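Student: I am new to this structure and would be grateful for a close look at a single part of it. Could the tutor please choose the disulfide and then place it within the rest of the chain?

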Amino acid sequence: QVQLVESGGGLVQPGGSLRLSCAASGSIFRTDAMGWYRQAPGKQRELVATITDGGIMNYASSVKGRFTISRDNAKNTVYLEMNSLKPEDTAAYYCNARVVNFFATLADYWGQGTQVTVSS
């Protein structure tokens with residue numbers, strides 16, 4: 001079994017910054033792509049940013065230039081640095097990891113979500 005534990009959410013004023021972290025643990029042989037998604041009330045979950053094990057990054061157009069995704073492969077941890085936050089960034093943020101376990105099975109795993117609220 002694989003667990004993803006997120007941290008770093010909270011309340012911040014517009015223009016402020018937050019850093020999210022997500023650590024994967026458990027029966028992990030290799031972690032492929034990792035990423036962040038978000039879901040606002042009444043809306044569908046949407047991609048925020050992803051990063052491959054080789055470091056190739058992909059961003060939603062709405063966050064490009066403001067958010068930075070990074071990862072520490074040795075720690076199976078992915079980060080999301082969020083700057084110049086806007087009220088429309090308010091959402092529950094979910095970590096995702098594509099993991100190969102010790103039985104060579106590839107599967108997607110999700111964290112429990114961490115709330116980010118941008119408000120004055």
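**The disulfide and its surroundings**

Tutor: In this predicted model, cysteine 22 and cysteine 95 are joined by a disulfide, with an S to S distance of 2.1 Å. The structure holds one disulfide. The torsion about the S-S bond of cysteine 22 and cysteine 95 is about -80 degrees, so the disulfide is left-handed. Cysteine 22 belongs to strand S3 and cysteine 95 to strand S9 (residues 91–100), so the pair ties together parts that are 73 residues apart in sequence. Cysteine 22 and cysteine 95 are both buried.

The two strands just named belong to a chain that has eleven strands and zero helices. Read from the N terminus on, the elements run β-β-β-β-β-β-β-β-β-β-β. Of the 120 residues in the chain, 44% are buried. Among contacts between residues at least 6 apart in sequence, 55% join residues at least 24 apart. For 120 residues, a compact globule would have a radius of gyration near 14 Å, and the chain agrees with this at 14 Å. Along the principal axes, the C-alpha atoms fill a box of roughly 50 × 25 × 20 Å. The chain exposes about 6300 Å², and carbon and sulfur atoms supply 50% of that area.

Strand S9 deserves to be followed further. Alanine 97 is also placed in strand S9. Its relative accessibility is 0%, and alanine 97 therefore counts as buried, the limit being under 20%. Leaving aside residues up to four places away in sequence, alanine 97 touches Leu4, Thr31, Ala33, Met34, Ala107, Asp108 and Tyr109. The C-alpha atoms of alanine 97 and tyrosine 109 are separated by 5.3 Å, although the two residues are twelve apart along the chain.

Another residue of the strand takes part in a salt bridge. The side chains of arginine 98 and aspartate 108 meet at 2.8 Å, N to O. This pair links distant parts of the chain, for arginine 98 is in strand S9 and aspartate 108 is in strand S10 (residues 106–110), ten residues apart. Arginine 98 is partly exposed, with a relative accessibility of 37%. Aspartate 108 is likewise partly exposed, at 37%.

The structure holds six salt bridges, including the one just described. Another is formed by the side chains of arginine 38 and glutamate 46, at 2.7 Å from N to O. Arginine 38 is buried, with a relative accessibility of 6%, whereas glutamate 46 is partly exposed at 38%. A further salt bridge brings together the side chains of arginine 30 and aspartate 32, at 2.8 Å from N to O. Arginine 30 is partly exposed, with a relative accessible area of 36%, while aspartate 32 is buried at 17%.

The loop between S9 and S10 contains alanine 104. Most residues other than glycine have a negative phi. Alanine 104 has a positive value instead, with phi near 65 degrees. With a relative accessible area of 66%, alanine 104 is exposed. A positive phi also occurs at serine 84, where the value is near 50 degrees. Serine 84 lies in the loop between strand S8 (77–82) and S9. Its relative accessible area is 41%, and serine 84 is partly exposed.

Strand S3, which holds cysteine 22, can be followed in a similar way. Phenylalanine 29 is found in the loop between strand S3 (18–26) and strand S4 (30–39). Phenylalanine 29 is exposed, because its relative accessible area of 55% is over the 50% limit. Together with Phe102 and Phe103, Phe29 forms a nonpolar patch on the surface. The accessible area of these three residues together is about 440 Å².

To return to the part requested: the disulfide joins cysteine 22 to cysteine 95, and both cysteines are buried. In strand S9, alanine 97 is buried as well, whereas arginine 98 is partly exposed. Beyond strand S3, the loop leading to strand S4 carries phenylalanine 29, which is exposed.

Conventions:
Residues numbered from 1 in each chain as written. Predicted model: local features only at pLDDT ≥ 70, side-chain atom pairs only at ≥ 80, totals over all residues. Heavy atoms only, no water. Patch = residues over 30% accessible without salt bridge, like charges linked within 9 Å, V, L, I, M, F, W, Y side chains within 5 Å. Areas by Shrake-Rupley, 256 points an atom, 1.4 Å probe, with all protein chains shown as cover. Salt bridge = Lys/Arg side-chain N within 4 Å of Asp/Glu carboxyl O. Helix = DSSP H or I, 4+ residues; strand = E, 2+ residues; numbered from the N terminus. Buried < 20%, exposed > 50% of the residue type's maximum accessible area, 1.4 Å probe, protein only. Disulfide = S-S within 2.5 Å. Rg over C-alpha atoms; globule rule 2.2 N^0.38 Å. Contact = heavy atoms within 4.5 Å.
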